[in-house]
Structure formats: structure tokens, C-alpha cells
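Good morning. Please have a look at the model on the screen, and I will take you through a few parts of it.

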Amino acid sequence: MFNALPSAQLLSLADSFGLPLFVYDAATIDRQIDTLKSSFDVPSLEIRYACKALSTIGVLKQIYKHGCGIDTVSPGEMIMALEAGVPASHISFTPSGVLTEEYAFAIEKGVHVHVDQLHVLEWMERHFPGTAITLRFNPGIQAGGHSKLQVGSDGSKFGFLTNQVEEIFKRTSAMSLRVTGVHMHLGSDIGDSGSFDQAYEFLLNVARHWRDSIERIDLGGGFKIPYHPNDHAINIEAFGKKVSKRFNQFCDEIGRNLTMVLEPGKFLVSAAGNLLMEVTGVREEGPLPMAFVSSGFNHFLRPMSYGAYQHIINLSNPDGEVRNYDIVGYLCETDSFATNRPMHAIRKGDILCLMNAGAYGFTMASNYNGRFRPAEVLVGTDGTPALIRRAETIHDLLRTYTGYTPV
Ligand code: LLP
């Protein structure tokens, strides 16, 4: 369920590369891709990894080895995917509310664009007539973990709304733009595959409007992985089976084989990642012992942003007596990784491992409090570690200051 890298290896990486440190396991990424691929039985399946989860180039290369494409939301992500050697034909652009210049950038690079606003369609018809596009729709369905992670309901900012479908059909019929795909994304941490049923029917109904030009049906991502030892994952095999059956019926209905597109983020990389942090001290005097670590929400935001549970283990004292701790970061405001958490006794100098740190860890990291972002190491399938990003230094903090002269 979690990253299978042995503790001894993680401790040795901490020693060689310094702390804090993100460590990713290529074998876990490979396994997640294989699981996803084997769960679907459709004429054509395309995985477009949502690289907002983790966009480090070394990781994108690992994912592209399996032929997966990359879904991006900014020129920055597109460039990172291209830099990783992913051809533009395997990259998509699914932004939200961006300037049309960003769509122009994507189209000029040959990246497939997803559109969910009328003014963008009109602009594209004027400037890039004939372009093949995917339309993103909002099925008006609430699904996903934390409320901030639910984006498929009517009040959400994403996608054309259910009451816009007819209008969008009318408008695109009068345009030269070619609608070759329809898309939805319901949210993140969707553990109940039943949430997809209604949304999926909705998307197929929408797809019928463009039945003559449609090539791809994109179900988005959001497939839940377990964060807690007693937590569950989405039953991806059952989901894949059910959805494939419905998809194949739809292909029969329109008399053509279409491509099913999936856009997983977390599912591919979350369990592959660990954040290793050093304990700077333990305060015994409060209501609970409190362990301070040399990291914070500047490196890993999920607990503070979504109240998310992240499993943490004490790599240095695996057999110590179990006590409950508050585990806090070093930032100068409330900065909590865990509250009242049973842990093997924590001592100053111990190394803690925050698990499931692959997705939305490094990509959401910042320089808050003038802190550097950590290095990232990818452990290859043969067990060899590779430094795929060095830790930042003071020069990285200063170099955008106009008065800075690098020494
Ligand atoms: N496709 C689209 C259009 C998306 O917006 C997203 C995620 C995905 C795919 C991938 O979703 P995933 O499979 O990773 O759940 N920072 C939050 C998650 C935000 C997700 C944003 N969109 C977290 O740490 O839980």
C-alpha cells in the first residue's frame, strides 16, 4: 500500500543526500501504471498523467517510459514535459481561466487543448480555425475527498455547465474547430467508483452530440489511494471493468472505436514518495510530547491545507515504545504534520518518514520563511538512487532579486 523501500535504504539515502529529502521509488510508479492499464479492457486506452501531482523531469521520464502521455495546466508544465522527451502529440493542456496566450503557446507547440469557456472557443475560431479540441464539461456531481477537492459540481469553476451543453453544441456546429474529445474531472480522492456512474452517463450523452467527430472520451483522474493504514483505495479493477463495458457499448452504438483517456495524478505517484525529515528536538512538558522536525508546510502542505492524514514512521527507532505525539514543522506559524499520533518513541536526531509524499508534495512546496526546497532522489527499479533535483541554496532565493550579483 505504501512505498516498499526498506527503512535501511531510506536511512542510507538520508545520510548520503542530506535532509530534508524527497525519495521516490520507480518500481511503485511502474506497478501503479501496470495496475491501471490492466484494469481496463477497451479498444484504446491512453493515460495522460496529471503532472501537477509531481512534475520533476526525472519522474516524467519514468512515466513516459510506459508510453503514458502528460496532462498539463501551464506553459511551465508543458515545457517540463517536452524537456522530459515527451512528444507534443502525447501532451494535453487542461488549464483553468488562463490568458488566451497560453492556449496559443500550446497550439503552436502541437499540444492538444481542452477548452471550458465560451470566449476561448470564439477566440480560437478567430485565431486557430480548424484546431482539434476537447471540450471539458462539468457533470454537476459532487464527488471526492475534502470539499476543496470536489470540482465536478455545478458551482465549480471548471467545465461547461450542464445547462450550456446545447448552446455549446450549436456554437461549435457553426465553427471550423473540430471537437475530437469530451472531458470531465470530478475531483480528487474519489474512493467510491459509483460516484462516476452518473457522471460517466452524462459525458456519453454529451459525446453523442459530436458523434461524427469524437475520437476520445476523457474521464479525468481522482482515483483514490489510501493515506491511512486502515484506509481503502478505489477498487480500480471493478471500476475499470464496469466503465470498459459501458465504453465498449458506446463504441458499438456509434459504430467506431474510440480512445478512453484517464488522467491520474495521485494514483501513479503518491505511494511512490517519502519525505524524510530530521527531528530537531522533543518537548516533553506539554499535554503531549511534541516532536519538531526540520521541515514544514513549505515542503508538504496537505495536512495544513486539507487537514489530510499522512502516515509517518520513525525510521530510526522502529522498536521504540509507542506513545502519542504532536509532530510539528519549523515554520513560524501553526505548522502541524500530525496531532496526537501514536509513534515509536521519538528522540532528537531521529529520522521520520512521511509516506505518500509523491503527489502534491514537491509541486506545492514554497520558499516560505526563506526556506530552501529539498532535493529529490529517484530510486530506480534496480535499486540505484539518482539525484533528480538538487536542494536549493541561498543563490536560488536571491537570483530573482534585481540587485543580486551572483558570486
Ligand atoms: N485531471 C484534472 C483536470 C485535474 O484537475 C486533476 C487534479 C487531475 C486530473 C488529477 O487528479 P488526481 O488523480 O491527482 O486526484 N492538491 C490536492 C489535489 C488537487 C487536484 C487538482 N486536480 C491534494 O493534495 O489532494
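The largest pocket lies between domain 1 (27-266) and domain 2 (270-398), because both domains give residues to its lining. Please keep in mind that this is a predicted model. The bounds I just quoted for the two domains are those given by the domain assignment of the protein chain.

How many residues line this pocket, and which of them lie nearest its centre? The lining has 29 residues, and those nearest the centre are Lys52, Val151, Phe158, His185 and Tyr360. Sorted by class, 12 of the lining residues are nonpolar, nine are polar and eight are charged. The volume of the largest pocket comes to about 620 Å³.

Staying with the two domains for a moment, their centres, taken over C-alpha atoms, are 32 Å apart. The domains are also in contact: 23 residues on the domain 1 side meet 21 residues on the domain 2 side.

Next, one strand. Strand S16 runs over residues 375-379, and five of its five residues are buried, so I would call the strand mostly covered, given that buried means under 20% relative accessible area. As a general point, side chains in a regular strand alternate between the two faces of the sheet. In S16, Ala375, Val377 and Val379 point one way, while Glu376 and Leu378 point the other way. The residues on both sides are buried.

Which strands does S16 pair with? One partner is strand S1, residues 21-25, which pairs with S16 in the parallel sense over five bridges. There, Phe22 is the residue opposite Glu376. Another partner is strand S17, residues 385-389, and here the pairing is antiparallel, over four bridges. Glu376 has Arg389 as its bridge partner in S17, and Val377 stands opposite Leu387 of S17. So that you can find the turn: S16 and S17 make a hairpin with five residues between them. Gly383 sits in that turn and has a positive phi of about 90°.

Now two single residues. Where is Asn257 placed? Asn257 is in the loop that links helix H9 (236-254) to strand S9 (259-262). Is Asn257 buried or exposed? Its relative accessible area is 59%, and since exposed means over 50%, Asn257 counts as exposed. Leaving aside residues up to four places away in sequence, Asn257 touches Pro43 and Cys251. From Asn257 to Gly221 there are 36 residues in sequence and 22 Å in space, C-alpha to C-alpha.

The other residue is Thr402, found in the segment after helix H12 (394-398). Thr402 counts as exposed too, because its relative accessibility is 81% and the cut-off is over 50%. Between the C-alpha atoms of Thr402 and Ser173 the separation is 51 Å, and along the chain these residues are 229 apart.

To go back to where I began: the largest pocket takes its lining from both domain 1 and domain 2. That is what I had to show, thank you.

Note on methods:
Residues numbered from 1 in each chain as written. Predicted model: local features only at pLDDT ≥ 70, side-chain atom pairs only at ≥ 80, totals over all residues. Heavy atoms only, no water. Helix = DSSP H or I, 4+ residues; strand = E, 2+ residues; numbered from the N terminus. Buried < 20%, exposed > 50% of the residue type's maximum accessible area, 1.4 Å probe, protein only. Contact = heavy atoms within 4.5 Å. 1 Å grid on protein atoms, 1.4 Å probe; cavity = no way out; pocket = protein on both sides within 12 Å on 5 of 7 lines; lining within 4 Å. Points joined across faces, edges and corners; volume = space filled by probe spheres on them. Nonpolar A, V, L, I, M, F, W, Y, C, P; charged D, E, K, R; others polar. Domains from an automatic or database assignment. Pairing = 2+ DSSP bridges.
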